[in-house]
Amino acid sequence: MRIEAYNQVAGLYKATKTGKTAGTYSVGGKDEVQISRAGRDFQVAKQAVAASPDIREDKVAKLKAQMDAGEYQVSTEDFAAKLMANFNLYA
């Protein structure tokens with residue numbers, strides 16, 4: 001075994017080692033996030049949807065009154081077309 005070759009290899013590793021940085025860096029500013037106008041508009045729309053009721057009571061009351069009076073009629077053709085469209089069988 002050649003000792004000189006070992007010393008040369010060891011010298012290379014010692015020469016390329018990086019030590020600790022001799023100081024710390026700090027930036028005096030604060031982190032900041034900026035939200036785009038589209039993001040703000042989306043947030044406002046999301047809050048408006050969350051605040052609105054899921055059930056439109058005025059329409060439900062009207063349909064319920066029609067059903068109770070026996071005046072609510074459903075077109076079988078319209079019902080079938082919407083059913084088929086819902087299952088993407090007929091557009």
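**View 1. Helix 2 sits out in the open.** In this predicted model, helix 2 is hardly covered: among its 15 residues, the count of buried ones is 0. The helix takes in residues 37–51, and its end C-alpha atoms lie 21 Å apart. That agrees with the 21 Å it should span, because a helix is expected to run at 1.5 Å a residue.

**View 2. The whole chain, for context.** The count here is 4 helices and 0 strands, so reading from the N terminus on gives α-α-α-α. Of the 91 residues in the chain, buried ones make up 0%. About 9,600 Å² is exposed by the chain, with carbon and sulfur atoms supplying 57% of that area.

**View 3. Helix 3 and the glycine just after it.** Helix 3 has 13 residues, and from its first C-alpha to its last it reaches 18 Å. That is close to the 18 Å expected at 1.5 Å a residue. Just past the end of helix 3 comes G70, with a positive phi of about 75°.

**View 4. A nonpolar patch on the surface.** Seven side chains are worth picking out here: L63, M67, Y72, V74, F79, L83 and F87. Together they form a nonpolar patch with about 720 Å² of accessible area. Helix 3 (57–69) and helix 4 (76–86) each chip in at least two residues of the patch.

**View 5. Zooming in on F79.** This patch member lies in helix 4. Is F79 buried or exposed? F79 counts as exposed, because its relative accessible area is 52% and the cut-off for exposed is over 50%.

**View 6. How far to trust each part.** The average pLDDT over the chain is 80, and 73% of the residues score at least 70. Among the elements of the chain, helix 3 has the highest mean pLDDT, at 93. At the other end is helix 1 (residues 3–16), with the lowest mean, 66.

Technical notes. Residues are numbered from 1 along each chain as its sequence is written. Side-chain values use heavy atoms; hydrogens and water are left out. Patches are made of residues with over 30% relative accessible area and no salt bridge: like charges are joined within 9 Å, nonpolar side chains (Val, Leu, Ile, Met, Phe, Trp, Tyr) within 5 Å. Accessible areas come from the Shrake-Rupley method with a 1.4 Å probe; for residues, only the protein chains shown count as cover. A salt bridge is a side-chain nitrogen of Lys or Arg within 4 Å of a carboxyl oxygen of Asp or Glu. Buried means under 20% relative accessible area, exposed over 50%, partly exposed in between (1.4 Å probe, protein chains only). The expected span of a helix is 1.5 Å times one less than its number of residues. pLDDT is the predictor's confidence in each residue, from 0 to 100.
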